[in-house]
There are 2 protein chains.
Amino acid sequence: MRARDLARTYVTVRLDAVAAEAARTMARERLPGLIVCDESDRPWAVLPGSQVLRFLIPAHVQADPALAAAYDEASAEQVCRGLQVARVRDVVPARRRLEDLPVVEEDATVLEVAAVMARVHSPLVAVLRDGRVTGAITVGDLLEHLLETTA
Amino acid sequence: MRARDLARTYVTVRLDAVAAEAARTMARERLPGLIVCDESDRPWAVLPGSQVLRFLIPAHVQADPALAAAYDEASAEQVCRGLQVARVRDVVPARRRLEDLPVVEEDATVLEVAAVMARVHSPLVAVLRDGRVTGAITVGDLLEHLLETTA
């Protein structure tokens, strides 16, 4: 069993996509995160939903959520307008070292996939062929396979 | 709009549940994590899928996933047997400070929920009434609501 056998089609977004569209896709498909690619479809980052919120919510409000209670619905709207103008590149965390990206080659073993997911603390890993994303494996897919094997 | 209006029923597990059962539930329901409660149903931690993998995969293999490539399917089976004997309490990270738990009161505003999720970097928050978990809000639910408001 190799990464290619566990991989499923997975939504990727480009760095220059509108951030609100990316967030909408994440919400609609109930995804734990999106794979962000550069203009050559090479993986750039995984964008978790909580990172979108980090971008939206001012740092001093994150530090003291009680402050957020003071905001009304109108302010919530205003906060979200930020996503309509921002691009995905504004929202993703600063580019990390390549070895911190949750990516594996197509012929990676199940344990390689698990090791990468565990190390990077990611709910999904992108599967690559010739450096380009061909799909992804979620932690749910992986646990299911691991537990089937030992049932 | 308050936390109680966005909350959905959500799977919780007790600290003394068998870890493999928790992992199986996560896999079957495609959940980004489970809410772990103590014996009085008070929230203890959120257990993300990647944490289950961190428990399973030896630290030196996580540090160098290329090592994992050397393991065959039989070793994968062996690795997973750990989950059959372990309890959830063995798998969850050490108890964090209460304010680092992704929890909100039922009457929290949408922005309070977002602020907690952003600060704790969690894909879900537990919703509490009288200190006990009554449901949860996922980042997908929250983004959907926020984007609807601004559509």
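Me: In this predicted model, which residue of strand 3 of chain B does G33(B) stand opposite?
Reply: G33(B) stands opposite P48(B), which belongs to strand 3 of chain B.

Me: What makes strand 2 and strand 3 of chain B a pair, and how do they run?
Reply: Pairing requires at least two bridges between the strands; strand 2 (residues 33-37) of chain B is joined to strand 3 of chain B by 5 bridges, so the requirement is met, and the two strands run antiparallel.

Me: Why are strand 1 and strand 3 of chain B called edge strands?
Reply: The open sheet of chain B has 3 strands in the order 1-2-3, with mixed pairing, and strand 1 (12-14) and strand 3 (43-48) each pair on one side only. Neighbouring strands of this sheet are turned against each other by 35° on average, direction ignored.

Me: What lies across the strands of chain B, and at what angle to strand 2?
Reply: Helix 2 (residues 19-28) of chain B lies across strand 1, strand 2 and strand 3 of chain B, and runs at about 140° to strand 2 of chain B.

Me: How do you know which kind of axis relates chain A to chain B?
Reply: Chain A is superposed on chain B by a rotation of 180° with 0.0 Å of shift along its axis, at an RMSD of 0.0 Å, and that is the relation of a two-fold axis. Of the residues of chain A, P32(A) comes closest to the rotation axis, with its C-alpha at 3.3 Å.

Me: Why can one say that the copies meet through the same surface?
Reply: Because 100% of the interface residues of chain A are also interface residues in chain B, the copies meet through the same surface.

Terms used. Residues numbered from 1 in each chain as written. Chains lettered and ligands numbered in written order. Predicted model: local features only at pLDDT ≥ 70, side-chain atom pairs only at ≥ 80, totals over all residues. Heavy atoms only, no water. Helix = DSSP H or I, 4+ residues; strand = E, 2+ residues; numbered from the N terminus. Axes fitted to C-alpha atoms, helices over the stretch in contact; angles between N-to-C directions. Contact = heavy atoms within 4.5 Å. Least-squares fit on C-alpha atoms with pLDDT ≥ 70 in both.
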